[in-house]
Structure formats: C-alpha cells, structure tokens
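Work through these exercises with the sequence and the 3D view side by side. Try each task before you read its solution.

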Amino acid sequence: MMLPGADAAAAAASARARALLLLYYLPFLVAPADGSLLTTTATRGRRSNYGDDDAIPEPYPYLHSYNATALPSRPLSPDPLVTYKWNDDVDQSQLQLYDSYPVRAQWAAVDPLQSSFEVLSREDDAAGAAGTAGNNMHVEISGGGTLTLDFGTERSGWFEFDSSASLTDDVLRYLTCSLSEYNLPLKEKTKRPVRYNNTHFRLETNDELYEGIRFAFVTFDPPRGMDARFALSNLRVVSQIRPVSYAAHYSSSDELLTKVWYTGAYGVRLNMHRDDFGTVLIERGDRVAIQGDQHPTIAAALAAFGGDDGSGRQVYGLIRSSLNKTDSGCSGCHVIDDGIMSYPVYWAMSVMDYYWASGDVDTFARFVPDIVNILDHAAKVFYPDRPNIVWQGWDDRIDDGWCGPCCDEAQRTFAALVVRAFDDFVQALVVSGVEQWAGLSAAYSARSNDMSHRLTNHSNWSDGYGLHASANAINANLPSLDSGLIEDLFTREFNDVVRICSFAPFNQYWILQAMGNAGKMDHALASIKLCWGSMIKISKGCFLETFDPRWKEEGIMEDGSKAPGSPSYCHPWSSGVTHWLTENHVGIRPIKPGYDGALISPYVSKLNPIVNGSLGTPHGTVEVEATLNDTTCEVQIRASVPVKSRVALRRERDGCILLGYRYGDVEGAGEAIKTYSVDPRRLDNHLHPNVVSSLGFSRILKPGTYTVVGVYGGCFSNGANAIATASDGRYPPFPPLSYPSKSFTDVKTKGNWVGNYGKDGYVLFGFDNGTDVFSMPSYVTNITSYYMWGGGRHRPKSQFRGTSQDMEAYLEAPSGKHARSLGSIGDEVVQGRGLVFDVPTVNNNALRTANRRISIYMVAKDPVDEFVIKAMDYQSRSNIAPLPKIRDFQDGMYWSIEYNGGMRIRLTPRFGSTAISAIFFDTIVN
C-alpha cells in the first residue's frame with residue numbers, strides 16, 4: 001500500500017550541479033490539450049517512423065481498431081485518447097501502445113565550459129494524427145550533464161530513444177537513464193539503457209517494463225578530459241493503455257470540478273490490466289490487485305467506462321474478473337491485505353455497486369455466500385469490543401495506518417462501516433426479488449439494527465465521533481441521527497477547511513458521501529475543489545496516494561515537484577470522486593438494478609449553477625443537462641433517458657422552496673405544478689433516507705428525451721435569509737481558514753537556548769555522547785516517538801554528532817559549565833510518513849488562560865535536508881497550525897508553536913532526513 005520512495009539524497013542535484021546550472025528550454029509548438037504529442041498508426045500497429053518493425057521488441061501491438069475522433073473533444077481531460085472509440089470486437093484484455101513526446105526539455109551542465117547541448121532538428125508534424133512522425137527531437141550532447149524531459153502528463157509506460165553509431169560502447173558506459181513521476185530522478189529507477197539492433201535503446205526498470213512516468217532523464221557523466229559527442233533522437237515514452245472507450249462525460253460551470261472528474265477517470269484507466277485493476281502505477285513492490293484499494297476504483301470505472309456497447313460490457317467483465325481475483329469470502333480463499341478488516345467489507349460493497357449498475361443478478365447470486373462470510377467475520381467482534389482492525393487509513397485521526405486494534409476513532413469508523421455494509425446487503429437482497437433470500441435479508445436486517453443500537457444506546461453517544469467516524473455514522477443512517485444531530489456533527493467536524501480533507505483521498509471518498517447524505521452539497525463540491533482540485537495543480541494526469549491540500553495552498557509544492565513522504569503520484573484508490581460527481585452532482589442513479597428505472601436528480605445552486613453529464617447503462621446512455629436560471633429561480637432539466645424515470649430536485653435551495661414541475665411534453669401541458677412524495681421503501685433505490693426526504697419528485701416520465709422545469713418560490717422574499725452562497729474564504733460556503741495556534745521560526749538564537757527557550761523543561765536528544773538529557777515540565781507526563789516503515793512502527797534512535805565550543809549551532813549545556821554539544825533523533829527517517837512525536841499534557845486549572853509553547857530545534861546534516869512539520873491536537877489529531885517548510889537550517893533553526901493543549905507533531909521528509917536535536921517547553925500567559 002505504501003510507501004517506498006526515492007532516495008532523497010540521490011534525488012537532489014549535487015551542489016556542484018546546482019551551482020553550475022546551464023538551462024536550455026525547448027518550446028514545442030503544437031500539442032493536444034495535455035501538452036504532449038501522439039503518433040500511432042491506425043492499421044498496422046507499429047510506429048510509422050520506424051522502418052524496422054523489430055527495432056525494439058514490444059510486449060503489445062500499437063493502437064489499432066479504433067476511430068480517433070469518434071467521441072467529442074474534452075479539452076479539460078488529461079487523457080490524450082479521450083476522443084478515441086475502439087471497435088466493439090476489440091480484445092480489451094490485450095493492451096495497446098502509443099508514443100508520447102516531451103513538451104519541455106532542460107539541460108543541466110556539470111561544467112558549462114566543458115559541455116554543450118544542441119537541438120539539431122525538431123519535427124513539428126504535430127497534428128498527432130495516426131501515421132505522422134510526431135514531435136521527433138534530434139539533439140547532440142557533448143560533455144557531462146543531465147537532460148530532463150517533461151512529458152506533461154503521467155503515463156503508464158517506459159522510456160526509449162534512438163541514436164546513431166556515435167553512441168559507442170565507450171560512451172554508453174558513462175550514460176544512464178532514469179524516470180520519475182516528479183522532476184527529480186529516482187535512484188532505484190536509474191540504469192544504463194538496453195541497446196537493441198545497435199541504434200535503439202530502452203530503459204528497463206522492471207520485468208513488466210511499465211512505470212508511472214511523467215519525467216525522463218538522460219545523464220552523461222564522462223571522466224574529465226574525455227572528448228565525446230553523440231546524438232539522440234526520437235526521445236519518447238512508449239505508453240500502454242487498455243483499449244476501452246469512454247461511455248460517459250461530465251461538465252460543470254466550475255472547470256476545476258470538470259478536471260477532477262476526468263483526472264479520476266484517467267487514473268483508473270491507466271491502472272486497468274488484463275484481468276484486474278492495479279493499485280499503484282509506479283513499481284515499488286505493491287503493484288497488485290488489492291480488494292479494499294479497488295473499491296473506489298471500481299466505482300469510478302462504472303461511472304466513466306461502463307455502458308451498453310461492446311466496450312462497456314468488457315469493462316463489466318474486467319470488474320467481474322477483478323472481483324473474482326480479490327474475493328476472500330470463499331472457503332480457504334486468501335488475497336492480499338484481506339487481514340485488514342475493512343478491506344473484505346469494501347469488496348462486498350463493490351459487488352453491490354456492480355450489481356446496481358449492471359443488473360447482473362447471476363454474478364451477485366454467486367457472490368452472496370462470500371458476502372455472508374465476510375460480513376459475519378466483520379461483525380464477530382463488534383464495538384465497544386475492540387477487534388484487531390489492523391488498518392483504517394493513512395490519516396492521523398484514524399491512527400496513521402498499521403495500528404492493530406487502533407484508536408477509538410478508527411474503531412468507530414469501522415463499526416459504522418460494517419452497519420452500512422449490512423444495510424446495503426439487505427437492500428440488494430430485497431430489490432433482487434429472489435424469494436429464497438427473504439429469510440436472509442430479514443436476519444441481516446435484524447443484525448444491522450442490533451449493531452446500530454449498540455453504537456447509539458447511550459446518551460451523548462456521538463460526542464467522541466471525529467470526522468471519519470461521523471462520516472460513516474451518517475452514511476450508515478444510525479438511529480437517533482435526526483437532522484438536528486447531523487447538523488451538530490457537520491458544524492463540529494466538517495465545516496472547516498483545515499480539517500475537512502483526510503490525508504488519503506481513499507478515505508475522503510466516504511467523507512464526501514457523508515456531506516452529500518447530510519444535504520451539504522455546496523460544501524461537498526467545495527471540498528472536492530480543495531481536497532482533489534489542489535492535487536491537479538501540482539501533478540498532471542492522476543491523483544496522489546496521499547495528499548494534504550496545504551502542500552499547494554501553503555507553498556510546499558509546485559507543479560511537478562516532489563511531495564513530502566514520496567507517495568505514489570498515480571493511485572486509483574483516489575478516484576472515487578468521479579463516481580460521486582456522476583451520481584450526486586449530475587444526479588444519474590438507478591432506481592432498480594441495471595437501470596431498469598432511473599432517477600434524475602441533478603444539483604444546481606447559485607454557487608454551482610450548471611451541470612451536464614452522461615452515463616452508460618445496460619439500456620443505453622443517459623444524458624442530463626441542468627441549469628439554474630438566476631433571474632426566475634427556475635431549474636431547467638433536459639434529459640435523454642432510455643428507461644422510465646423520475647426527476648427530483650431539492651425541496652429547499654438557496655432559500656427557495658420547490659413548488660413543483662412544469663413539463664415540456666404535450667402530455668404534461670396544463671398539468672398543475674406540484675411535487676410527488678415517494679416512500680423510500682417503494683423507491684427501490686439505495687439513496688440515503690435523508691436525501692430522499694429532501695427531494696421533491698416529478699411524476700413518472702416515459703423513456704425518451706424530455707425537458708422538465710423545477711419551479712421555485714419564495715426566493716425574493718426569503719433572499720435576505722437565504723443560506724450564504726459566498727464567504728470570505730477561498731472555498732465558499734466554508735468559512736475562512738483559521739488556526740487555533742500561533743507558530744513561528746527563529747534562526748537568530750542558534751544554539752544559545754539557555755534563558756531563551758526551555759524555561760519549563762527540555763529534551764536534548766543524544767546530547768551526552770548519544771544519551772538524551774532532559775528535564776520534563778510538570779504538565780508533560782511523557783514524550784513518545786515513532787516512524788512507520790515496512791508495515792510497522794519503529795522507535796527512532798538518538799545519535800551523537802559531536803562537541804565543539806566554536807560551533808554556534810551546537811547547543812549550550814544546561815548548566816552552562818560544559819562545552820557545547822549536539823545530538824539528534826530521527827536521522828534514519830528519510831522517507832515515508834516521517835517522524836512523529838506525541839506530547840500529551842496534563843490539564844491545570846491555574847493555567848487555563850495560558851498557552852504552552854513547544855519549540856523544536858534542528859540543525860541540518862546535509863544542505864539539501866528539507867521537511868515539513870504538521871502540528872495536530874493530541875486528542876483529536878486535527879490540524880492546528882500552518883505547514884512550515886523547513887530548509888536551509890545548517891546553522892540551526894527553532895520552530896515554535898503556542899497552543900493550549902497536548903500535541904502530535906509529525907515531521908515528513910522531502911529531501912534528506914527529519915532529524916531534530918531538541919524540544920523545549922515554555923508557558924506563555926495570555
């Protein structure tokens with residue numbers, strides 16, 4: 001699942017190369033929307049600019065059996081093949097290849113006086129059409145340096161190039177290639193290229209060839225005095241893709257939302273394999289089908305690629321195949337990570353997602369016994385008893401990954417998930433109409449009710465629920481969750497841009513569902529722009545495995561740069577948002593499995609006035625266009641639906657009240673404007689009851705194309721009291737960002753801490769020849785630390801750096817009678833989630849109006865060392881301070897935070913280690 005990353009020291013450019021940087025920017029003149037160029041042949045399945053089919057043996061044929069312009073242009077999609085439609089009879093299990101060319105190139109010379117780089121020619125036959133040579137750059141290199149190639153968008157592929165006889169074996173021994181998802185080479189992906197037929201070369205980093213690749217690097221490092229000049233041409237990424245056509249589209253009045261939908265779809269497509277969905281694009285040892293990871297992946301695949309044509313049906317086949325491979329519910333079955341208790345539950349929910357979309361009752365029936373086994377195991381030990389849930393997510397609030405029984409928040413999150421899965425299973429059994437399942441559905445309904453009451457049978461049961469547990473409680477529709485309590489939970493846990501985004505977009509999928517189920521659609525859409533949209537601004541093509549929007553919002557990263565902790569840049573478990581937008585924003589939902597009936601419930605508001613989209617179903621494509629007329633306050637819906645359907649809009653919107661519908665067909669002419677109430681039990685739909693009660697329904701509409709207008713009243717008279725549609729914040733209707741603490745850095749004091757820091761207490765790590773020296777304040781009982789690696793938690797070791805009276809960065813001795821010394825802790829933490837310190841504090845009524853200041857002192861061991869510091873409340877694990885980027889601290893730096901409460905502090909590396917030398921404690925009286 002996570003988290004091997006680049007060797008940070010190797011990934012950073014050497015100090016000499018930084019100081020002697022010589023750049024050549026190569027503007028490429030013509031490119032499709034994603035900035036890259038495409039060259040393929042439509043019929044023969046080989047590169048048109050190769051005279052020899054066998055120049056490099058490739059594992060798959062080049063693109064074939066398709067129409068490149070059959071689908072509409074989608075300029076906001078990162079997918080270069082978004083307009084391609086493959087023939088219905090194409091074998092989707094056989095991947096196909098295409099070439100991509102760089103959009104930017106940069107040459108960094110080790111010594112500008114001894115190095116040269118020249119672009120000899122560039123073919124800009126850039127229509128990107130099949131049969132053209134594309135953008136074939138021809139360059140000449142002399143002397144040492146690194147050529148960086150940016151292909152604009154992440155691909156699933158490998159790096160190749162051609163060269164003339166000038167690239168001799170004597171030259172080749174000093175030439176290496178590398179690739180990366182960001183703009184620095186990965187040490188573990190750096191090798192000499194393999195020569196084929198004398199003049200063709202390929203970087204081969206693993207047996208399957210493909211990697212997640214946006215950047216490629218060619219480094220020439222000859223010995224001093226070597227006179228070598230050589231040429232490279234046709235520098236390219238050979239990309240693999242499953243030949244599946246898009247069966248849906250999405251468009252919003254907010255372009256960022258549109259980009260999010262297509263980015264999710266493209267990330268899923270890149271991870272489609274022969275008979276399953278992969279879970280990560282870069283090869284790091286966990287590139288396999290994992291049952292829990294693929295739950296949002298399958299949901300997004302159903303939204304973007306499922307449908308009624310041959311292509312869509314093969315996607316259904318891929319989902320069935322992937323479900324078979326990851327089924328741990330059958331007797332004696334075992335699959336990867338099924339020891340994580342939530343993962344088989346997610347698998348069961350994917351079976352039900354597939355059933356609702358496809359109507360495939362035979363596959364559902366085949367999996368029913370396995371679902372029974374999975375749910376029985378999940379409920380065997382139930383809250384408040386503490387099952388060994390193992391892992392619930394990568395967010396600190398749910399115990400930061402591998403945690404065994406884990407914390408209360410993780411336990412409650414899992415328990416509510418189990419209740420929701422039981423209810424979903426009952427509903428699928430009932431709606432199937434299979435009489436032999438009547439007893440099963442009644443039994444599991446009773447068990448669901450029992451578990452629900454165990455979670456809620458005491459007063460103030462929800463007081464300890466944090467964001468993740470509250471989300472799953474709402475999604476499970478736990479008893480006593482009336483509208484008032486939902487509003488309380490939303491205000492306390494959701495309505496804050498600092499805390500709304502889970503660190504893993506995988507977990508954010510359920511938080512997003514909860515906001516929709518709570519009726520907070522404008523907040524949900526705003527959270528998408530923050531939690532997913534921010535990712536698009538720093539990485540192109542896919543969504544990251546883990547992400548904090550503050551990496552973008554607070555200047556930690558920019559486009560193409562290295563993320564803290566080195567997560568995967570293309571992880572399809574982050575793509576559930578694509579499914580959510582289709583089902584909740586466009587509002588296309590099945591009323592019965594297989595879309596034997598459809599509900600059309602688009603959401604529009606003053607903040608989000610237009611949404612359009614489509615979805616492939618077994619009966620054909622459903623298309624919806626919805627527009628809010630801000631003048632008349634009416635909502636016009638134009639839809640094309642191949643089955644019977646209803647339209648449903650919110651009864652209340654922007655302070656307006658839904659009066660009813662006006663129909664555009666002859667049959668509806670003169671019909672009274674009114675709404676219809678629908679009993680959720682008769683709707684046969686897996687809508688949340690809270691959503692059903694918030695909707696006003698139209699009459700049943702016949703298959704075909706129709707226009708329906710939702711008529712609202714009271715908008716003008718109630719306008720002053722309407723819910724605010726804007727705020728001073730960047731993501732309305734969320735309030736502006738606010739932190740409950742004060743933080744700052746200090747580079748002046750250096751090692752002269754006595755009298756300036758630590759008046760209440762201190763810990764000097766490794767200060768006494770590797771032994772910690774400490775004086776704990778009365779309000780701190782203990783400090784614990786760990787780092788996560790290899791599926792477990794490890795204690796960092798203190799180290800001694802040395803003693804010197806002349807080194808001002810070294811720390812003064814507490815007594816002032818001994819020489820300065822310096823030790824550190826966390827030197828070994830150079831990748832992954834980073835180094836964690838837990839500092840619980842004891843409440844003291846006398847200090848209720850005082851903040852405690854915790855100061856961390858750091859001295860870099862290497863000039864490239866850089867990390868970010870995340871400060872959280874000790875109890876809730878919610879963020880309490882901005883993210884500082886710690887860099888350039890060779891001479892010592894303090895980072896201080898003032899806060900009235902205990903804290904968790906996480907230091908996550910970007911380059912080098914996260915080593916710190918001391919923690920100081922002070923009291924600040926307000």
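**Exercise 1. Two rings in two strands**

Is Tyr-66 buried or exposed? Then classify its pairing with Trp-86.

Solution. Keep in mind that this is a predicted model.

Step 1. Tyr-66 has a relative accessible area of 12%. Buried means under 20%, so Tyr-66 is buried.

Step 2. Do the same for the partner. Trp-86 has a relative accessible area of 2%, so this residue is buried.

Step 3. Look at the geometry. A pair of aromatic rings is described by the distance of the centres and the angle of the planes. For Tyr-66 and Trp-86, the centres are 6.2 Å apart and the planes make 50 degrees. The pair is tilted.

Step 4. Place the rings in the chain. Tyr-66 belongs to strand β2 (residues 66-67), and Trp-86 to strand β3 (residues 85-86). The pair therefore ties together parts that lie 20 residues apart in sequence.

**Exercise 2. A second ring pair**

How are the rings of Tyr-250 and Trp-261 arranged?

Solution.

Step 1. Check burial. Tyr-250 is buried at a relative accessible area of 1%. Trp-261 is buried too, at 0%.

Step 2. Take the angle. The planes stand at 15 degrees, with the ring centres 6.3 Å apart. Planes under 30 degrees apart count as stacked, so this pair is stacked.

Step 3. Locate both residues. Tyr-250 sits in strand β14 (residues 249-252) and Trp-261 in helix α4 (residues 255-270), eleven residues apart.

Step 4. Widen the view. The structure holds 40 aromatic pairs. One aromatic cluster includes Tyr-343, Trp-391, Phe-506 and Trp-573.

**Exercise 3. Charges over rings**

Which ring does Lys-520 lie over, and which ring does the charged end of Arg-793 sit over?

Solution.

Step 1. Lys-520 lies over the face of Phe-490, 4.9 Å from the ring centre.

Step 2. The charged end of Arg-793 sits over the ring of Tyr-786, at 4.5 Å from its centre.

**Exercise 4. Two helices that cross**

At what angle do α4 and α5 pack?

Solution.

Step 1. Helix α5 spans residues 294-305. It packs against α4 at about 110 degrees, with the axes 9 Å apart.

Step 2. Name the arrangement. Angles of 65 to 115 degrees count as roughly perpendicular, so α4 is roughly perpendicular to α5.

Step 3. Add the handedness. The crossing of α4 past α5 is left-handed.

**Exercise 5. A covered helix and an enclosed strand**

How many residues of α14 are buried, and how many of β36?

Solution.

Step 1. Helix α14 covers residues 521-531, and eleven of its eleven residues are buried. Among them are Asp-522, His-523 and Lys-529.

Step 2. Strand β36 (residues 893-899) has seven of its seven residues buried, so it is largely enclosed by the rest of the structure.

Step 3. Sort the side chains of β36. Met-893, Trp-895, Ile-897 and Tyr-899 point one way. Tyr-894, Ser-896 and Glu-898 point the other way.

Step 4. Find the neighbours of β36. Strand β25 (residues 742-746) runs antiparallel to it, joined by five bridges. Strand β33 (residues 850-858) also pairs with it in the antiparallel sense, over seven bridges.

Step 5. Pick out Ile-897. It is the bridge partner of Ser-743 and of Ile-854.

**Exercise 6. Edges of two sheets**

Which strands stand at the edges of the four-strand sheet, and which at the edges of the six-strand sheet?

Solution.

Step 1. Write the order of the open four-strand sheet: β15-β16-β20-β23, with mixed pairing.

Step 2. Read off the ends. β15 (588-590) and β23 (695-697) each have a single partner strand, so one side of each is left without a neighbour in the sheet. The twist averages 30 degrees from one strand to the next.

Step 3. Check one contact. β15 joins strand β16 (residues 598-600) through three antiparallel bridges. Arg-589 has Leu-599 as its bridge partner in β16.

Step 4. Repeat for the open six-strand sheet, ordered β29-β28-β32-β37-β34-β35 with antiparallel pairing. Its edges are β29 (792-794) and β35 (885-887), each with a single partner strand.

Step 5. Check a contact here as well. Strand β28 (residues 784-789) and β29 run antiparallel, joined by three bridges. Tyr-787 has His-794 as its bridge partner in β29.

Technical notes:
Residues numbered from 1 in each chain as written. Predicted model: local features only at pLDDT ≥ 70, side-chain atom pairs only at ≥ 80, totals over all residues. Heavy atoms only, no water. Phe/Tyr/Trp six-rings, centres within 6.5 Å; stacked < 30°, edge-to-face > 60°. Buried < 20%, exposed > 50% of the residue type's maximum accessible area, 1.4 Å probe, protein only. Lys NZ or Arg CZ within 6 Å of the ring centre and 35° of its normal. Pairing = 2+ DSSP bridges. Axes fitted to C-alpha atoms, helices over the stretch in contact; angles between N-to-C directions. Parallel < 35°, antiparallel > 145°, perpendicular 65-115°, else oblique. Left-handed = near helix turned anticlockwise from the far one by under 90°.
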